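Thanks, everyone. Let me put the model on the screen, and then I'll walk you through it.

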Amino acid sequence: MAVTKVQQQPVRSNTARSQAFKEALLAYGLLSPALLLFLAFTVFPVGFGLVISLYNWRTGPNDFIGLDNYTRALKPDSEMWPALGATISYAILSVPVQLLIALVLAYLLFQKIRGKSFFRVALFLPYVTSTVASAAIWARLYSPDIGIINQSLSLFGIQPLQWLLEDKGIFTLLANALSIKLPPGFTGPSLALVSIVIYTTWVFVGYDMTIFLAGLGNIPGELYEAARIDGADGWALFRYITVPLLSPTTFFLSLITIIGTFKAFNHIWVMTQGDNGTTTASILIYRQMYEFQRAGYASALAFLLFTVILIVTIIQNRTAGRQVNY
Amino acid sequence: MANTTISVTRPATSAQPLRPGTRWLLYTVLIIISIGALVPFAWMLLTSLKDLGDVINLKFWPWPPFGNSTPQWSNYPEAIGLIGTDPDTGMPMFFRQLLNTGFVTACIIVGVTLTSVMAAYAFAQLNFPGKSALFILVLATLMIPDDLTLIPRTVMMYKNYLNWYNSYLALTVPFLGSAFGIFLIRQFFLQIPRDLFDAARIDGAGHVRYMIQIMIPLTRPAILTVALFNFIWTWNEFKWAQLVTRDNNMRMISVGLQSFLKGEGGASTHLAMAVAAMVVAPILVVYFFTQKYFTEGITTTGLKG
């Protein structure tokens, strides 16, 4: 290829060259609206945010205070650490629950059954619904007094729970219920956060399932045929063919789910406004800006939290990436 | 393409018919989980038609044959009345906010579709210096978390900068470019054989005509997917809209819903659910008619909103 190109170069006429020039001009023209928007509202703000974080910036820049916002955020008693803890708990709880249910559902829907599209549409519905509306519905389902969740549990003789209003950790609650003693500090994420995880699972299971279904469709059917001839039963097929061959999809979904939990905002805001141990990174940043107009401090928090989250994601990537069989 | 592979392999995978016992177990699980997915919607609709007494007394179905209440359709106008009126136009605030949302959504759909198709065409079909670097830049913007740029973007809307605070500009312009849109449409443009362009060229069509008359019609499903996802995202947008608007009549419907929940609707669950139902209804209607494009969109790009 390269050789032909070199040979052709001198032969190229002026018209060809002006043609290439015209093509480039057209390309830049077509690209410029999108690129200018990205530069103005994505790339520039990163740098501008860095500047803001060095000021005592309220509605405008007050004083240049250097790294004060950062040192304040890094103090041992700063609100950043619990927010980081809540964000990571949220991600760690969400990923396995969401993906496991989604995988099982996708596997079931991949069988020869009727009504596939009904199930797909029904399960995907929560994903397209406004999160403010669906979180408002769930906040009422969780209500200790009028919620149908406590009502249903009482049918099984389970005591009413406080759900979104509960700031005690789930391990503490479990230990109390079984009247055993826990080592101090071993409280677990708050029941409020777990309630939010349950809601998130409801929202995203259909989405994850759709991607798993696409992944299942890409596994060659001959593999199953061959394994059946060798005498493999349903569980063995699932365990030794489906699971390993789906691992790229699973890995991809776990990454996306983690990123999704870091971004999670609307439903937490509507359900708890960050109370009861549910102040995640994005709630904390937003509150500093929306309620207290501390743009400088909020910017510094954003940079610190996303450095940490980036590191966590890279570690996850490295360790989980090794489990992927292509 | 993906569809053909699936239909070719499927007969082999499911050649084994399920045993009746397994089949029933499978249906039971799927039906229970689907009910779980739908119950919150059903509860919303039922609650929006009850009076407050039945809500507090935990009556699940207060109407005949199990009870004596009548469906309270009046909850809907009552909730709309409680939200108030827009002093500028005199129309109910709820409809003003619905119009705002519709207008902002329309602007973003048109804008994103245009900028994405144009950029995708350049990346898929044209040669120019810096092509791969610019494409990497577009993909890189996908990786910059929203929260990192949220504060500076908000500051940019304030008086001494762009002065877009509390205006439609703030709600629309920052979202008119979409890396996801460019990426998805480019994928589809790339699948169109190059020969088609050469043929069009011989017939005297230039790039612009080729793009409009051949490429766009051929990739309509992909473009529709981009438009639909932007519809859902914008209709449901809350975080940014709350941060950059101040006046009630500049708010999007999701922000209006949240402030209703915090205020008048806090104690009146039945009215809150009536408003929620009216906010959700348009999306559900659009979704039911277009659901195959959603599946196509997320399996092609694996995006998560």
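**Contacts, core and overall form**

Start with I185(B). Setting aside neighbours within four places in sequence, I185(B) is in contact with S116(B), V117(B) and A120(B), and also with T219(B), A222(B), I223(B) and V226(B). Keep in mind that this is a predicted model.

Now, where does I185(B) belong? It is among the residues with the most contacts inside the largest nonpolar core. The others on that list are A136(A), L301(A), L257(B) and A276(B). The core has 153 residues. Which helix of chain A gives the most to this core? Helix α9, residues 191-217, with 17 residues. Both domains of chain A take part: domain 1 (14-52) and domain 2 (71-321) each supply at least three residues. As background, nonpolar side chains in soluble globular proteins tend to be buried together.

On to the domains themselves. Chain A splits into domain 1, 14-52, and domain 2, 71-321. How far apart are their C-alpha centres? The separation is 38 Å.

Next, chain A as a whole. It has 14 helices and 2 strands. Its radius of gyration is 26 Å, and the globule rule gives 20 Å for 326 residues. That is well over the rule, so chain A is more spread out than a compact globule. Along the principal axes, its C-alpha trace spans about 90 × 75 × 35 Å.

Two last numbers for chain A. Buried residues make up 41% of its 326 residues. And take contacts between residues at least 6 apart in sequence: 68% of those join residues at least 24 apart.

That's the tour. Over to you.

Conventions:
Residues numbered from 1 in each chain as written. Chains lettered and ligands numbered in written order. Predicted model: local features only at pLDDT ≥ 70, side-chain atom pairs only at ≥ 80, totals over all residues. Domains from an automatic or database assignment. Core = buried A, V, L, I, M, F, W, Y, C linked by C-beta atoms within 7 Å. Buried ≥ 20, exposed ≤ 12 C-beta atoms within 10 Å, placed from the backbone. Helix = DSSP H or I, 4+ residues; strand = E, 2+ residues; numbered from the N terminus. Contact = placed C-beta atoms within 7 Å. Rg over C-alpha atoms; globule rule 2.2 N^0.38 Å.
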